[in-house]
Amino acid sequence: MHKKSTSYTLTEATKKIESYCAYQERCHKEVTQKLRDMGMIPEAIDHILGHLIQQNFLNEERFSQSFARGKFKIKKWGRNRIVNELKFRDVSAYNIKTALEEIDAGEYEDALHSLASKRLQSLTEKDSQKRRKKLADYLLYRGWESHLVYAKIKELVP
């Protein structure tokens with residue numbers, strides 16, 4: 001697949017990226033990549049990023065908080081997975097910490113319990129040791145902390 005050979009003026013690119021950011025929260029890495037894909041030169045990218053931050057189209061703290069809330073509430077991801085995904089997006093440690101504060105501890109426990117219970121019901125494995133392993137693998141993959149996972153398995157699997 002080849003890239004479109006469309007070239008953008010600084011104003012056109014800025015307008016296009018403003019609507020890209022207005023549609024959904026974005027991190028700096030996503031926006032920079034989008035500008036590169038549009039064929040913008042590094043100086044233009046820096047100029048546009050500065051403009052987006054100044055006009056509050058781009059706010060990494062707001063992005064990380066929204067990301068953490070969404071992935072936890074909708075996809076039922078645990079803290080480890082959220083942290084790894086934010087690190088992959090080059091979000092600062094401070095913003096990752098504030099993002100994790102968005103997750104209510106009580107809701108977190110409830111989500112783990114309902115996710116583990118639901119998954120356990122869908123497992124057809126008869127051997128309890130294999131059931132434990134499958135449940136642990138599933139929850140660990142989704143980013144739940146190992147000490148919480150093993151405590152939950154001890155509670156749910158006889």
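The following exercises, each with a worked solution, concern a predicted model.

**Exercise 1. Cysteines**

Determine how many disulfides the structure contains, and explain the result for cysteine 21 and cysteine 27.

*Solution.* Begin with the cut-off: a disulfide requires two cysteine sulfur atoms within 2.5 Å. Next, consider cysteine 21, whose closest cysteine sulfur belongs to cysteine 27 and lies 9.7 Å away. Because this distance is too far for a bond, cysteine 21 is not paired with cysteine 27. The search of the whole structure accordingly returns 0 disulfides. Finally, consider accessibility: cysteine 21 is buried at a relative accessible area of 5%, and cysteine 27 is also buried, at 1%.

**Exercise 2. The length and faces of helix 3**

Establish whether the span of helix 3 agrees or disagrees with its number of residues, and describe where its buried and exposed residues lie.

*Solution.* First, take the length. Helix 3 covers residues 42-54, which is 13 residues. The expected span is 1.5 Å times one less than the number of residues, which gives 18 Å for this helix. The C-alpha atoms at its ends are 18 Å apart, so the two values agree.

Second, list the buried residues of helix 3: Ala44, Ile45, Ile48, Leu49 and Leu52. Viewed down the helix axis, these buried residues fall within an arc of 130 degrees, and therefore they line one face of the helix.

Third, turn to the face directed away from the buried side, where Glu43, Asp46 and Gln54 are exposed.

Fourth, identify what covers the buried residues of helix 3: the cover includes helix 1 (10-23) and helix 2 (28-37). After helix 3 comes asparagine 56, which has a positive phi, near 65 degrees.

**Exercise 3. A glutamate in a loop**

Locate glutamate 145 and decide whether this residue is buried or exposed.

*Solution.* Glutamate 145 belongs to the loop that lies between helix 8 (128-141) and helix 9 (146-156). Its relative accessible area is 12%. Because buried means under 20%, glutamate 145 counts as buried. When residues up to four places away in sequence are not counted, glutamate 145 touches Arg79, Asn80 and Tyr108.

**Exercise 4. The surroundings of leucine 112**

State which residues leucine 112 contacts, leaving aside neighbours within four places in sequence.

*Solution.* Leucine 112 lies in helix 7 (residues 105-122) and is buried, with a relative accessible area of 1%. Its contacts are Leu139, Trp144, Leu148 and Lys152. Aspartate 37, by contrast, is 75 residues from leucine 112 along the chain, and their C-alpha atoms are separated by 39 Å.

Key:
Residues numbered from 1 in each chain as written. Predicted model: local features only at pLDDT ≥ 70, side-chain atom pairs only at ≥ 80, totals over all residues. Heavy atoms only, no water. Buried < 20%, exposed > 50% of the residue type's maximum accessible area, 1.4 Å probe, protein only. Helix = DSSP H or I, 4+ residues; strand = E, 2+ residues; numbered from the N terminus. Arc of directions from axis to C-beta. Contact = heavy atoms within 4.5 Å.
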